Amino acid sequence: MKILAIGRNYIDHAKELNNPVPTEPVVFLMPETSLLRKNQAFFYPDFSKDVHYEVELVLKINRLGKNISERFAHRYYEEIGIGIDFTARDLQAELKKKGLPWEKSKSFDGATPLGDFVPKTAFQDVKNINFSLDKNQEQVQVGNTKDMIFSFDTIIAHVSRYFTLKIGDLIYTGTPAGVGPVKIGDELCARI
Ligand code: ZN
């Protein structure tokens with residue numbers, strides 16, 4: 001199984017990091033070893049002094065597909081979950097400056113905590129899902145899927161041109177504004 005992730009998918013977040021608003025999805029991969037399930041503790045890595053949280057909605061792929069057209073993309077996921085894409089922002093800045101791939105800063109062990117999944121049918125409209133992140137009981141991020149630059153269906157169509165999607169694959173769909181640092185002992189709570 002593989003994990004795909006979309007960068008800069010909310011205009012307000014692209015702007016807060018001074019990144020250009022993309023004209024097609026920014027895609028990167030994370031290995032299975034980056035997953036953290038069942039509320040396991042995240043250990044602060046020794047190669048960073050500036051780890052940031054990014055709350056994201058996560059799609060779970062439920063059928064095999066390649067070159068999926070946008071029109072049929074909705075058939076390829078039945079459940080939506082929520083997770084965090086931890087990012088070693090200092091290391092990422094260094095890698096970006098050198099024009100190098102940023103996996104080491106985003107795909108390290110434990111970098112992608114993931115909660116339980118909710119059936120898609122629980123939502124009236126997947127283009128209007130509210131989600132948020134609290135840090136130590138204080139809300140730090142709030143998003144709605146209507147503000148995505150690329151919708152779930154556009155993302156599935158785009159990534160499947162390059163990567164065959166398989167049952168159980170996950171897609172992290174990008175974070176809204178409000179990303180920020182964590183320190184040891186912080187408690188994070190993500191909600192859909
Ligand atoms: Zn992210």
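User: Is Glu54 buried or exposed, and what is its relative accessible area?
Analyst: This is a predicted model, in which local features need pLDDT of at least 70, side-chain atom pairs count only at pLDDT 80 or more, and totals for chains, interfaces and linings use all residues. Residues are numbered from 1 along each chain as its sequence is written, and side-chain values use heavy atoms, with hydrogens and water left out. Buried means under 20% relative accessible area, exposed over 50% and partly exposed in between (1.4 Å probe, protein chains only). Glu54 is therefore buried, at 3%.

User: Which residues are the protein donors of the zinc ion?
Analyst: A donor is an N, O or S atom within 2.8 Å of the metal (3.2 Å for Na, K and Ca); water is not among the atoms, so sites may look incomplete. The donor atoms lie 2.0 to 2.1 Å from the zinc ion, and their residues follow the spacing E-x1-E-x28-D. They are Glu54 (OE), Glu56 (OE) and Asp85 (OD).

User: How many residues apart in sequence are the parts that Glu54 and Asp85 tie together?
Analyst: Strands (E, at least two residues) and helices (H or I, at least four) are DSSP runs numbered from the N terminus. Glu54 is in the loop between β4 (51-53) and β5 (55-61), and Asp85, in the loop between β6 (77-84) and β7 (87-88), is buried with a relative accessible area of 1%. The pair therefore ties together parts whose separation in sequence is 31 residues.

User: What is the geometry class of the aromatic pair Tyr10 and Phe131?
Analyst: Rings of Phe, Tyr and Trp (its six-membered ring) pair if their centres lie within 6.5 Å; planes under 30 degrees apart count as stacked, over 60 as edge-to-face and the rest as tilted. Tyr10 and Phe131 are both buried. Their centres are 6.2 Å apart with 65° between the planes, which makes the pair edge-to-face.

User: How far apart in sequence are Phe28 and Trp102?
Analyst: Their ring centres are 5.4 Å apart and the planes are at 85°, so this pair is edge-to-face. Phe28 is buried at 4% relative accessibility, and Trp102 is buried at 14%. Phe28 is in strand β2 (residues 26-30) and Trp102 in the loop between α2 (89-97) and α3 (103-106), a separation of 74 residues.

User: Which residue has its charged end over the ring of Tyr76?
Analyst: A charge sits over a ring if NZ of Lys or CZ of Arg is within 6 Å of the ring centre and within 35 degrees of the ring normal. Lys120 lies over the face of Tyr77, 4.3 Å from the ring centre. Over Tyr76, at 5.6 Å from the ring centre, is the charged end of Arg63.
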